Amino acid sequence: MSDILADGKTAGAAPSDGLAVLEQKRSTAETFGIPLAVLAELTHRCPLQCPYCSNPIELDRGGSELTTDEWKKVLSELAEIGVLQIHFSGGEPTARKDLVELVQHATDVGLYSNLITSAVLLTKEKLSALADAGLCHVQISFQGNEPIVADRVAGLKNAHEKKIEAAKWTRELDLPLTVNAVMHRQNLHQLSDIIQMAVDLDADRLEVANVQYYGWALKNRAALMPTLEQIEETSRIVEEATTRLKGILAIDYVVPDYYALRPKKCMGGWGRQFFNISPAGKVLPCHAAESITGLEFESVRSNHSIAWIWQNSEAFNRYRGTGWMPEPCKSCEFREIDFGGCRCQAFALTGDAGNTDPACTLSPMHEQIFKDAEREAAAHQDRFLYRNFAGGTLETEGEHGA
């Protein structure tokens, strides 16, 4: 099967056309420049067992992770090509013993650094060392506003207590704080209290982050899918809190895809504003891109520079821009607003990443996913299939009761 390039031509063009096709491909990529922010997934190791984990089904093992020197080389290259922000993530980035050294290097090369963490492995001394190394911002994920629900979702006892403590240390060190509240049917009833928790923790920002259903979350969709009534109430609560807390707490909120009318502008559009680097060094258009089979992703360990990978790699150009789009996306008035929505979701639900995102009402599958959401939410299946990454081995723990 021939590969589709960003300009809609195929890789099987005649030899005499090859140079013209290559130039069109390069021209398409170069219009997007270099993104301002990059997600650095330092490791897939994590002490939590979240049933909605966004990491790939096949996790990178510890032995395949980039070394300290390799990450330093990456950070230097990112700064040289114009990236401004580096977001250290995982898995759990604090599982890396060299995290302080990496933050210091990011500071030395002029990158704004953000730590995206579960916080359960943090100590006050470690956070203080990170602050001294120049860490600019901390984002902590929460699974609820109290231990019973939160610890059950995280699959770890005392996790919520540790998160609260780390959030307080963050503000004591005068670091900006974002609370990332991962929301689904089993904790949406706590949203008002979670908003108040964010205020009490003196957070600058709250992400009301509805679970996205690919990867491990797709396995738990029936246990996580909110009801339509919950979504309507969530929207009301967020609207009221946004007005009431203006100037105190910034709130980000997006309606879950299965209940949306239009797809979200996923990652600002494929290969337009963002990329992430996996623990093993693969350069990806988004954190879930490896879920799309048939795409080959270049590595920072290859002979290509990161700038070359961003501009010229086939994976980044496959769904970049609008030239790849089929109908109805191709003639849609919103094609350069949402850029077709999420390719990973299209692949997960239709088997073809080039199809219209089913979150869009113009997709022939939209009515079906809406019905699936209503059916699964009404079934009240509340048991989770947890994941565990221990000793370099992925283990399915089975279903745990409420």
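Accessible area here is the surface found by the Shrake-Rupley method with a 1.4 Å probe. On that footing, the protein chain of this predicted model exposes about 17,100 Å², and carbon and sulfur atoms supply 52% of it. Turning from the outside to the inside, buried residues account for 52% of the 402 residues in the chain. The fold is built from 14 helices and 11 strands. Among contacts with a separation of 6 or more, 71% are between residues 24 or more positions apart.

Next come the aromatic rings. A pair of aromatic rings is described by the distance of the centres and the angle of the planes. A search of the whole structure turns up eight aromatic pairs. One of them brings together Tyr213 and Tyr258, with ring centres 5.4 Å apart and planes at 75°. Since an angle over 60 degrees is the mark of an edge-to-face pair, these two tyrosines are classed that way. Tyr213 belongs to the loop between strand E6 (205-210) and helix H8 (216-219), while Tyr258 belongs to the loop between strand E7 (250-253) and strand E8 (274-277), so the pair ties together parts that are 45 residues apart in sequence. As for cover, the cut-off for buried is under 20% relative accessible area. Tyr213, at 3%, therefore counts as buried, and so does Tyr258, at 1%.

Trp270 and Tyr319 make another edge-to-face pair, 5.4 Å from centre to centre and with 90° between the planes. Here Trp270 sits in the loop between E7 and E8, and Tyr319 in the loop between helix H12 (314-318) and helix H13 (343-350), so this pair links parts that are 49 residues apart in sequence. Both Trp270 and Tyr319 are buried. Add Trp324, and Trp270, Tyr319 and Trp324 form one aromatic cluster.

Some rings have a charge for company instead. The charged end of Lys219 sits over the ring of Trp216, 5.2 Å from the ring centre. Over at Trp310, Arg320 lies over the face of the ring, at 4.7 Å from its centre.

The loop between E7 and E8 also holds Pro256. With a relative accessible area of 2%, Pro256 is buried. Setting aside neighbours within four places in sequence, Pro256 is in contact with Asn210, Pro226 and Ile231. Pro256 also shows how far the chain can travel in sequence before coming back: Pro256 and Ala359 are 103 residues apart in sequence, yet their C-alpha atoms are 8.9 Å apart in space.

Last come some annotated cysteines. The unreviewed UniProt entry places the feature "binding site" at Cys46, Cys50 and Cys53. Cys46 is found in the loop between strand E1 (37-41) and helix H2 (68-80), and Cys50 has its place in the loop between E1 and H2 too. Their cover is another matter: Cys46 is partly exposed, with a relative accessible area of 21%, whereas Cys50, at 12%, is buried. Leaving out neighbours within four places in sequence, Cys50 is in contact with Gln143, Val153, Ala154, Trp216 and Arg387. One of these, Trp216, is the ring that has the charged end of Lys219 over it.

Technical notes. Residues are numbered from 1 along each chain as its sequence is written. This is a predicted model: local features need pLDDT of at least 70, side-chain atom pairs count only at pLDDT 80 or more; totals for chains, interfaces and linings use all residues. Side-chain values use heavy atoms; hydrogens and water are left out. Rings of Phe, Tyr and Trp (its six-membered ring) pair if their centres lie within 6.5 Å; planes under 30 degrees apart count as stacked, over 60 as edge-to-face and the rest as tilted. Helices (H or I, at least four residues) and strands (E, at least two) are DSSP runs, numbered from the N terminus. Buried means under 20% relative accessible area, exposed over 50%, partly exposed in between (1.4 Å probe, protein chains only). A charge sits over a ring if NZ of Lys or CZ of Arg is within 6 Å of the ring centre and within 35 degrees of the ring normal. Contact means heavy atoms within 4.5 Å. UniProt positions are given in the numbering used here, feature names are shortened, and annotations may be inferred rather than shown by experiment.
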